[in-house]
Amino acid sequence: MFNNLSDKLDKAFHVLKGHGSITEINVAETLKEVRRALLDADVNYKIAKDFTAKVKDEAIGQDVLTTLNPGQLMVKIVKDELAQLMGGEASGINLSGNPSIILMSGLQGSGKTTFSGKLALFLKNKKSKQPLLVACDVYRPAAINQLKVVGEQIGVEVYTEEDNKNPVEIAQNAIKYAKANGKNTVIIDTAGRLAVDEEMMNEISNIHKAIQPQETLFVVDSMTGQDAVNTAKAFNDILNFDGVILTKLDGDTRGGAALSIKSVVNKPIKFIGTGEKMEAIDIFYPERMAERILG
Ligand code: GDP
């Protein structure tokens with residue numbers, strides 16, 4: 001995960017770690033390298049620039065040059081700022097409401113269906129919930145089947161209405177079904193498209209208004225870098241969602257999405273997907289991620 005970024009940051013700190021006496025020039029060089037590493041990871045220019053400006057202020061504030069081990073202190077400052085950039089404190093999901101309703105949004109292929117299953121399994125095993133998965137993709141029969149397969153795999157019931165082409169109705173009926181059948185958590189998987197379009201946005205917005213979920217989660221493929229951030233912005237403008245799910249972090253992702261998304265939409269990353277298996281889900285902890293990036 002983020003191997004390239006880790007390597008580049010490690011190299012950036014070589015300058016500081018190798019010198020007996022550190023000068024302002026060394027610090028400036030390091031900051032330049034840090035910024036380059038962020039840009040290479042597909043973090044947008046403004047975020048990368050603001051980031052290094054903050055690190056610089058912090059380094060001046062803490063009088064880095066006069067400390068015993070300036071290299072170590074700089075690494076710590078960068079680590080703390082990276083954690084801030086990705087969200088600061090970890091935040092959970094809102095499971096109030098009976099049933100609690102969780103709406104999944106995102107583009108096709110982002111990993112919504114897979115993540116819906118992972119979350120259902122997580123809530124069932126870790127929070128002793130009785131989840132109901134709901135298939136609201138009325139365009140692709142394959143998507144409904146995929147959710148059914150996932151449900152079978154994890155032993156979670158899947159609600160479908162294969163002849164109904166109205167996703168709002170399906171979602172509302174599913175919630176009634178959940179209430180009548182002792183399911184206290186409803187996870188609604190919706191239709192995504194390959195790119196943001198008006199029809200998809202209207203549809204998800206209508207579902208959102210009709211069911212008023214406790215949690216609206218935006219699922220995004222971390223491999224898509226700055227595109228991920230633009231898509232997040234489009235969905236957030238319509239849904240004002242509660243949190244982000246970053247999928248495919250097991251792949252060779254550069255890290256841009258993870259590092260930029262919080263600054264752009266000001267919503268926390270709540271979970272990450274780290275593989276195709278149903279167990280490949282982790283709560284997102286910004287500090288641990290920063291720790292991992294800086295090794
Ligand atoms: P949806 O169209 O948004 O519902 O996306 P899917 O859930 O169908 O996922 C699209 C593809 O990405 C599938 O082949 C999934 O197996 C794969 N996928 C989803 N999440 C992850 C992940 O965290 N890691 C990896 N490696 N693959 C994933």
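Which backbone atom of L107 lies 3.5 Å from an oxygen atom of the ligand? A backbone N or O atom of L107 does, and that contact is a good place to start a walk through this structure, which is a predicted model.

## Around the ligand

L107 has company in its backbone approach to the ligand. A polar backbone atom of G273 is 3.2 Å from an oxygen atom of the ligand, and a backbone N or O atom of T274 lies 3.5 Å from a ligand oxygen. The protein covers 80% of the 580 Å² of accessible area that the ligand has on its own. There are 16 residues around the ligand, and those that come nearest are G109, T113, T114, D250 and E276. Among the elements of the fold, α5 gives the most to this shell, with 4 residues.

T113 deserves a closer look, since this residue is among those that come nearest to the ligand. T113 sits in helix α5, which spans residues 112-126, and its relative accessible area of 9% makes it buried. The side chain of T113 also makes a polar contact of 2.7 Å with the side chain of D189. Setting aside residues up to four places away in sequence, T113 touches Q146, L147 and D189. D189 therefore appears both as a polar partner of T113 and in its list of touching residues.## Salt bridges across the chain

The structure holds 13 salt bridges. Three of them are set out here.

| Pair | N to O distance |
|---|---|
| D42 and R254 | 3.7 Å |
| E157 and K183 | 3.4 Å |
| E215 and K270 | 3.1 Å |

What does the bridge between D42 and R254 tie together? D42 lies in the loop between α2 (24-40) and α3 (45-61), and R254 in the loop between β6 (243-247) and α10 (256-265), so this pair joins parts that are 212 residues apart in sequence. D42 counts as buried at 18% relative accessibility, whereas R254 is partly exposed, with a relative accessible area of 46%.

The side chains of E157 and K183 also meet in a salt bridge. This pair links distant parts of the chain, 26 residues apart: E157 is in strand β3 (residues 157-159), and K183 is in the loop between α7 (167-180) and β4 (185-190). Here E157 counts as partly exposed at 31% relative accessibility, while K183 is buried, with a relative accessible area of 18%.

The third pair in the table, E215 and K270, is a salt bridge with an N to O distance of 3.1 Å. E215 lies in strand β5 (residues 215-221) and K270 in strand β7 (residues 269-273), so the bridge ties together parts that are 55 residues apart in sequence. Are these two residues buried or exposed? Both E215 and K270 are buried.

## An annotated stretch

An unreviewed UniProt entry carries the annotation "domain: SRP54-type proteins GTP-binding" for residues 268-281. Over residues 268-281, the predicted chain is 0% helix and 43% strand. The end C-alpha atoms of that stretch are 16 Å apart.

## A buried alanine in α4

Where is A83 placed? A83 belongs to helix α4, residues 70-85. With 5% relative accessibility, A83 counts as buried. Leaving aside neighbours within four places in sequence, A83 is in contact with G88, P286, E287 and A290. A53 is 30 residues away from A83 along the chain, and the C-alpha atoms of the two are separated by 16 Å.

## Backbone details

Most residues other than glycine have a negative phi, and most peptide bonds are trans. A few places in this model depart from that pattern, and they are worth finding in the viewer.

Which peptide bond is cis, with omega near 5°? The bond from N98 to P99 is cis. P99 lies in the loop between α4 and β1 (100-105).

D63 has a positive phi, near 50°, in a residue other than glycine. D63 is found in the loop between α3 and α4, and at 46% relative accessibility D63 counts as partly exposed.

K248 also has a positive phi, near 60°. This residue is found in the loop between β6 and α10. K248 is partly exposed, with a relative accessible area of 32%.

Definitions and conventions. Residues are numbered from 1 along each chain as its sequence is written. This is a predicted model: local features need pLDDT of at least 70, side-chain atom pairs count only at pLDDT 80 or more; totals for chains, interfaces and linings use all residues. Side-chain values use heavy atoms; hydrogens and water are left out. A salt bridge is a side-chain nitrogen of Lys or Arg within 4 Å of a carboxyl oxygen of Asp or Glu. Helices (H or I, at least four residues) and strands (E, at least two) are DSSP runs, numbered from the N terminus. Buried means under 20% relative accessible area, exposed over 50%, partly exposed in between (1.4 Å probe, protein chains only). UniProt positions are given in the numbering used here, feature names are shortened, and annotations may be inferred rather than shown by experiment. A polar contact is a pair of N or O atoms within 3.5 Å; within protein, one must be able to donate a hydrogen and the other to accept it, and residues adjacent in sequence count only if both atoms are side-chain atoms. Contact means heavy atoms within 4.5 Å. A residue is near a molecule or strand if one of its heavy atoms lies within 4 Å of it. Accessible areas come from the Shrake-Rupley method with a 1.4 Å probe; for residues, only the protein chains shown count as cover.
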